[in-house]
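Student: Can we go through this one together, a bit at a time? I'd like to learn how to read it.

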Amino acid sequence: MKKIFIVTLLIVTTFVFVLAQQPNSIQQSVMRGKIVYTKYCLSCHQADGGGVPKLNPPLTAEEYINDKNKMIQIVLKGMTDRIAIDDEKYSNNMAPHNDLTNQQIADVLTYVRNSFGNNAGAVTVAEVQAVRNKK
Ligand code: HEC
């Protein structure tokens, strides 16, 4: 009886351990993405994603948050379109960040899409690679 208990305990422990190690769960990606965000995006878009009036837009506009490909493209190629969000325009330029790895871009966008009140899905490495391949 004792043996069965120990074996069961071992199996359960292993299972929990393996689950916790999953490298690409959304939470793990969000955690890594926050580090990328702090280093490369925070200075303009701010810690709360709220941006800076008239300079840098907030990262909460549905039009961008819900369009993965558009977001990936903006990070890879930058943006100088002078977009308007709620009638406000932003005069800064967004620099291209194509030196980030596919993993970093997937992580930072997964972080943005699941922070600041946003609730969109994850962005995967394959999706970033696909947008890169288009050029
Ligand atoms: C130098 C300041 C700056 C940095 C750094 C920067 N951005 Fe931007 N970002 C901007 C500006 C300015 C715009 C709007 C450009 C325009 O209107 O043409 C923008 C637009 C965007 C948009 C589309 C609009 C929106 O509000 O959703 C996204 C998404 C975005 N940035 C994400 C990021 C991410 C992710 C990073 C970090 C990898 C980043 N930005 C780094 C300034 C910056």
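Student: Let me start with one residue I clicked on: is aspartate 87 buried or exposed?

Tutor: Aspartate 87 is exposed, with a relative accessible area of 79%, and please keep in mind throughout that this is a predicted model.

Student: Where does aspartate 87 sit along the chain?

Tutor: Aspartate 87 is in the loop between β1 and β2, and β2 covers residues 88–89. Its backbone deserves a look too, since aspartate 87 has a positive phi of about 70° although it is not a glycine.

Student: Which other residue that isn't glycine has a positive phi?

Tutor: Arginine 82 is one of them, with a phi near 55°. Arginine 82 lies in the loop between α5 and β1, where β1 is residues 84–85, and at 34% relative accessibility it counts as partly exposed.

Student: And what does arginine 82 touch?

Tutor: If we set aside residues up to four places away in sequence, arginine 82 touches Lys89, Tyr90, Ser91, Asn92 and Asn93. With the side chain of asparagine 93, the side chain of arginine 82 makes a polar contact at 2.7 Å. Histidine 97 is 15 residues from arginine 82 along the chain, and the C-alpha atoms of these two are separated by 18 Å.

Student: Let's zoom out. How many helices and strands does the chain have?

Tutor: The chain has seven helices and two strands, and reading along the sequence you meet them in the pattern α-α-α-α-α-β-β-α-α.

Student: Why do you call the chain more spread out than a compact globule?

Tutor: The radius of gyration of the chain is 19 Å, whereas the globule rule gives 14 Å for 135 residues, so the chain is more spread out than a compact globule. The box tells you about the overall dimensions as well, because along the principal axes the C-alpha atoms fill roughly 70 × 30 × 25 Å, and the globule rule gives a radius well under the one found here.

Student: What share of the residues is buried?

Tutor: Of the 135 residues, 33% count as buried. As for the surface, the chain exposes about 8800 Å², and carbon and sulfur atoms supply 60% of that area.

Student: What about charges, how many side chains are positive and how many negative?

Tutor: There are 15 positive and 11 negative side chains, and the centres of the two sets lie 12 Å apart.

Student: OK, back to the helices. Which residues of α5 are buried?

Tutor: The buried residues of α5 are Met71, Ile72, Ile74, Val75 and Leu76, and they pack against α4, α6 (residues 102–113) and α7 (residues 125–133). As general background, an α-helix has 3.6 residues a turn, so residues three or four places apart point the same way. Just after α5, glycine 78 takes a positive phi of about 75°.

Student: Lysine 70 isn't on that buried list, so how accessible is lysine 70?

Tutor: Lysine 70, which is in helix α5, is partly exposed, with a relative accessible area of 30%. Leaving out residues up to four places away in sequence, lysine 70 touches Glu63 and Tyr64, and its side chain makes a polar contact of 3.2 Å with the side chain of glutamate 63.

Student: How far is lysine 70 from valine 12?

Tutor: Lysine 70 and valine 12 are 58 residues apart in sequence, and their C-alpha atoms are 42 Å apart in space.

Student: You mentioned α6. What does asparagine 102 contact there?

Tutor: Asparagine 102 is in helix α6, and apart from neighbours within four places in sequence it is in contact with Val125, Val128, Gln129 and Arg132. A polar contact of 2.5 Å joins the side chains of asparagine 102 and glutamine 129.

Student: Why does asparagine 102 count as buried?

Tutor: Its relative accessibility is 13%, and buried means under 20%, so asparagine 102 falls in that class.

Student: Last one: where is asparagine 56, and what does its side chain reach?

Tutor: Asparagine 56 lies in the loop between α3 (residues 42–45) and α4 (residues 62–65), and at 8% relative accessibility it counts as buried. Its side chain reaches the backbone oxygen of cysteine 44 at 3.1 Å, and, leaving aside neighbours within four places in sequence, asparagine 56 is in contact with Cys44, Gly51, Tyr90 and Asn92.

Notes:
Residues numbered from 1 in each chain as written. Predicted model: local features only at pLDDT ≥ 70, side-chain atom pairs only at ≥ 80, totals over all residues. Heavy atoms only, no water. Helix = DSSP H or I, 4+ residues; strand = E, 2+ residues; numbered from the N terminus. Rg over C-alpha atoms; globule rule 2.2 N^0.38 Å. Buried < 20%, exposed > 50% of the residue type's maximum accessible area, 1.4 Å probe, protein only. Areas by Shrake-Rupley, 256 points an atom, 1.4 Å probe, with all protein chains shown as cover. Lys, Arg positive; Asp, Glu negative; His and termini not counted. Charge placed at Lys NZ, Arg CZ, Asp CG, Glu CD. Contact = heavy atoms within 4.5 Å. Polar contact = N/O pair within 3.5 Å; in protein donor to acceptor, adjacent residues only side chain to side chain.
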